[in-house]
Amino acid sequence: MSQRVRSNGNLAKSHPCDGPGCAGLAAIAMIGSELKLSVLHSLMSGPKRFNELRGSTAICQSSLAKTLKELEETGITERRVIVDRPVAVEYRLTAMGEDLFDAIRGLERWANRWVLKEHAKKVIA
């Protein structure tokens, strides 16, 4: 672990998440929006067409299209055209996206334990 000098002149060990090379910060930047998490959560149950995603996420059409494009560009989801009458587009998680299951479930467990409990206290107060 590297060291850096504190403002008081003492040496301090650098935290592994200091700086732009932090994997945690990179992951949050990639998936860290409510819209993206909502889409990912919906796709965890299987592939969905655009209108199915609109219904399950309640995201407006333009925001959903932008969110899906961003997730596709990062490799978390993929878009598949189904040649049918009419032509349909289906979205699904890639292997990279499926690997997020445990992380998303862990975040949900943490939120149920800490975030929702605190929110309930504020509402009651």
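The following dialogue works through the features of one predicted protein model.

Student: What conventions apply to this model?

Tutor: It is a predicted model in which local features need pLDDT of at least 70 and side-chain atom pairs count only at pLDDT 80 or more, while totals for chains, interfaces and linings use all residues. Residues are numbered from 1 along each chain as its sequence is written, and side-chain values use heavy atoms, with hydrogens and water left out.

Student: How many helices and strands does the protein chain have, and in which order do the elements run?

Tutor: Helices (H or I, at least four residues) and strands (E, at least two) are DSSP runs, numbered from the N terminus. Here the protein chain has six helices and five strands. From the N terminus on, the order is β-β-α-α-β-α-α-β-β-α-α.

Student: What share of the residues counts as buried?

Tutor: A residue is buried under 20% relative accessible area, exposed over 50%, and partly exposed in between (1.4 Å probe, protein chains only). Of the 125 residues in the protein chain, 25% are buried. Accessible areas come from the Shrake-Rupley method with a 1.4 Å probe; for residues, only the protein chains shown count as cover. The accessible surface of the protein chain is about 9,000 Å², and carbon and sulfur atoms hold 56% of that surface.

Student: Which residues touch the most other members of the largest nonpolar core?

Tutor: In soluble globular proteins, nonpolar side chains tend to be buried together. A nonpolar core is a set of buried Ala, Val, Leu, Ile, Met, Phe, Trp, Tyr and Cys residues joined through side-chain atoms within 4.5 Å. The largest one in this model has 16 residues, of which Val39, Leu40, Leu64, Leu68 and Ile76 touch the most other members. At least two residues of this core come from each of α2, α3, α4 and β5.

Student: Which residues are in contact with Leu40 and Leu64?

Tutor: Contact means heavy atoms within 4.5 Å. Leaving aside neighbours within four places in sequence, Leu40 is in contact with Ile31, Leu71, Ile76, Thr77, Leu93, Leu100 and Ile104. Leu64 is found in helix α4 and is buried, with a relative accessible area of 0%. Not counting residues up to four places away in sequence, Leu64 touches Val39, Phe50, Leu53, Arg54 and Ile59. Leu64 and Val39 are 25 residues apart in sequence, with their C-alpha atoms 8.2 Å apart in space.

Student: Where do the buried residues of α2 and α3 fall, seen down each helix axis?

Tutor: One examines the arc, which is that of the directions from the helix axis to the C-beta atoms. In α2, the buried residues are Lys36, Val39, Leu40, Ser42 and Leu43. They fall within an arc of 160 degrees, so they line one face of the helix. In α3 (residues 50–57), Phe50, Leu53 and Thr57 are buried. Their arc is within 60 degrees, so these residues also line one face of their helix. The face of α3 turned away from the buried side carries the exposed residues Asn51 and Gly55. The buried residues of α3 pack against α2, β3 (48–49), α4 (61–74) and β5 (88–93).

Student: Is Ser42 buried or exposed, and which residues are in contact with it?

Tutor: Ser42 lies in helix α2 (residues 34–43) and is buried, with a relative accessible area of 8%. Leaving aside its neighbours within four places in sequence, Ser42 is in contact with Lys48, Leu53, Ser56 and Thr57.

Student: How many salt bridges does the structure hold, and what does the Glu78 and Arg92 pair tie together?

Tutor: A salt bridge is a side-chain nitrogen of Lys or Arg within 4 Å of a carboxyl oxygen of Asp or Glu. The structure holds six salt bridges. One of them joins Glu78 and Arg92 (4.0 Å, N to O). Glu78 lies in strand β4 (residues 77–82) and Arg92 in strand β5, so the pair ties together parts 14 residues apart in sequence. Arg80 and Glu90 also meet in a salt bridge (3.9 Å, N to O). This pair links Arg80 in strand β4 to Glu90 in strand β5, 10 residues apart. Arg80 is partly exposed at 40% relative accessible area, whereas Glu90 is buried at 14%.

Student: Where do Arg105 and Glu108 lie?

Tutor: Both lie in helix α6, three residues apart, about one turn of the helix. Their salt bridge has its closest N and O atoms 2.9 Å apart.
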